[in-house]
Amino acid sequence: MKEKETNIEAQEQKKEKEQQKAYEQYVKAVTPTHSLWRQMLHAFITGGIICCIGQCILNYAGSLGLDKQSAGSWCSLILVLLSVVLTGLGIFPKIAKWGGAGALVPITGFANSVAAPAIEYKAEGQVFGIGCKIFTIAGPVILYGIFSSWVLGVAYWVGKTLGIIYTA
């Protein structure tokens, strides 16, 4: 009787191992392979193009007589506008897919993360669709940005109070 139970257990273990191998082969077959160097090149090119567009906006704003701060504000506004328009037209997601972090890290990626959910949930209405879902992706970024600013501000205040940080 014990021999029969041992034999059944061995068969079950063998079957589990075969299933595990089959699953690993399946995962290997469906998992996309990526070239790190190609992804980095795409990100570099995409981010570089976005930065060049920003620099062209800065140079043009400067040639109109704007100071650096005003030119920088206009540059940010125009890049955000371009990102939102391209997101609405369905072009920015294609750029982001090809360029990866090169498109998602700059301010254009943040604008896309706000605009995309608004477009996606538009059918659910102004309040429950756009209003509730617009910061689905960008919300945590804003939350942790504000929280980390607060923590650093408190640390700076404590450092100044204790005399660790000196300002001229």
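This report describes the helices, buried residues and cysteines of a single protein chain.

The structure is a predicted model. Its secondary structure comes to eight helices and zero strands, and, read along the sequence, the chain follows the pattern α-α-α-α-α-α-α-α. The chain has 168 residues, of which buried residues make up 18%. Among the contacts with a separation of 6 or more, 48% are accounted for by residues 24 or more positions apart. The accessible surface comes to about 13300 Å², and 68% of that surface belongs to carbon and sulfur atoms.

**Helix H3 and its buried side**

Helix H3 covers residues 68-88, with Ser-83 among them. At the start of H3, the backbone nitrogen of Gln-69 has a side-chain oxygen of Asp-67 within 3.3 Å, while just after H3 Gly-90 takes a positive phi of about 80 degrees. The spans of H3 and of helix H6 can be set beside the values expected at 1.5 Å a residue, as the table shows.

| Helix | Residues in helix | First to last C-alpha | Expected span |
|---|---|---|---|
| H3 | 21 residues | 30 Å | 30 Å |
| H6 | 14 residues | 20 Å | 20 Å |

In each row the span reached is close to the span expected.

Which residues of H3 are buried? They are Ala-71, Cys-75, Leu-79, Ser-83 and Thr-87. These residues lie on the same side of H3, because they cover an arc of only 135 degrees around the axis. A general feature of this kind of helix helps in reading such a list: an α-helix has 3.6 residues a turn, so residues three or four places apart point the same way. The face of H3 turned away from the buried side carries the exposed residues Leu-77 and Leu-81.

The buried residues of H3 pack against three other helices, namely helix H2 (36-63), helix H4 (92-99) and helix H6 (107-120). Ser-83 gives an example at the level of one residue: with a relative accessible area of 1%, Ser-83 is buried, and, not counting residues up to four places away in sequence, Ser-83 touches Phe-92, Thr-108, Ala-111 and Asn-112.

**Helices H6 and H4**

Several of the residues just named return when the buried residues of the neighbouring helices are listed. In H6, the buried residues are Thr-108, Gly-109, Ala-111, Asn-112, Ser-113, Val-114, Ala-115, Pro-117 and Ala-118.

In H4, the buried residues are Phe-92, Ala-96 and Gly-99. They cover an arc of only 80 degrees around the axis, which puts them on the same side of H4. The face of H4 turned away from that buried side carries Lys-94 and Lys-97, both exposed. What covers the buried residues of H4 includes H2, H3, helix H5 (101-104) and H6. Just after H4, Gly-100 takes a positive phi of about 55 degrees.

**Two further buried residues**

His-42 is found in helix H2. Is His-42 buried or exposed? With a relative accessible area of 17%, His-42 counts as buried, because the cut-off for a buried residue is under 20%. Leaving aside neighbours within four places in sequence, His-42 is in contact with Trp-98 and Gly-99, and Gly-99 is one of the buried residues of H4.

Helix H8 covers residues 138-161, and Gly-159 has its place there. Gly-159 is buried as well, at 5% relative accessibility. Apart from residues up to four places away in sequence, Gly-159 touches Ile-164 and Ile-165.

**Cysteines**

How many disulfides does a search of the whole structure find? The search finds zero disulfides. For Cys-51, which is in no disulfide, the nearest cysteine sulfur is that of Cys-52, 7.2 Å away. For Cys-52, likewise in no disulfide, the nearest cysteine sulfur is that of Cys-56, 6.6 Å away. Neither distance meets the requirement for a disulfide, because the two sulfur atoms would have to be within 2.5 Å. Cys-51 is exposed, with a relative accessible area of 53%, whereas Cys-75 is listed among the buried residues of H3.

Methods: Residues are numbered from 1 along each chain as its sequence is written. This is a predicted model: local features need pLDDT of at least 70, side-chain atom pairs count only at pLDDT 80 or more; totals for chains, interfaces and linings use all residues. Side-chain values use heavy atoms; hydrogens and water are left out. Helices (H or I, at least four residues) and strands (E, at least two) are DSSP runs, numbered from the N terminus. Buried means under 20% relative accessible area, exposed over 50%, partly exposed in between (1.4 Å probe, protein chains only). Contact means heavy atoms within 4.5 Å. The expected span of a helix is 1.5 Å times one less than its number of residues. The arc is that of the directions from the helix axis to the C-beta atoms. A polar contact is a pair of N or O atoms within 3.5 Å; within protein, one must be able to donate a hydrogen and the other to accept it, and residues adjacent in sequence count only if both atoms are side-chain atoms. Accessible areas come from the Shrake-Rupley method with a 1.4 Å probe; for residues, only the protein chains shown count as cover.
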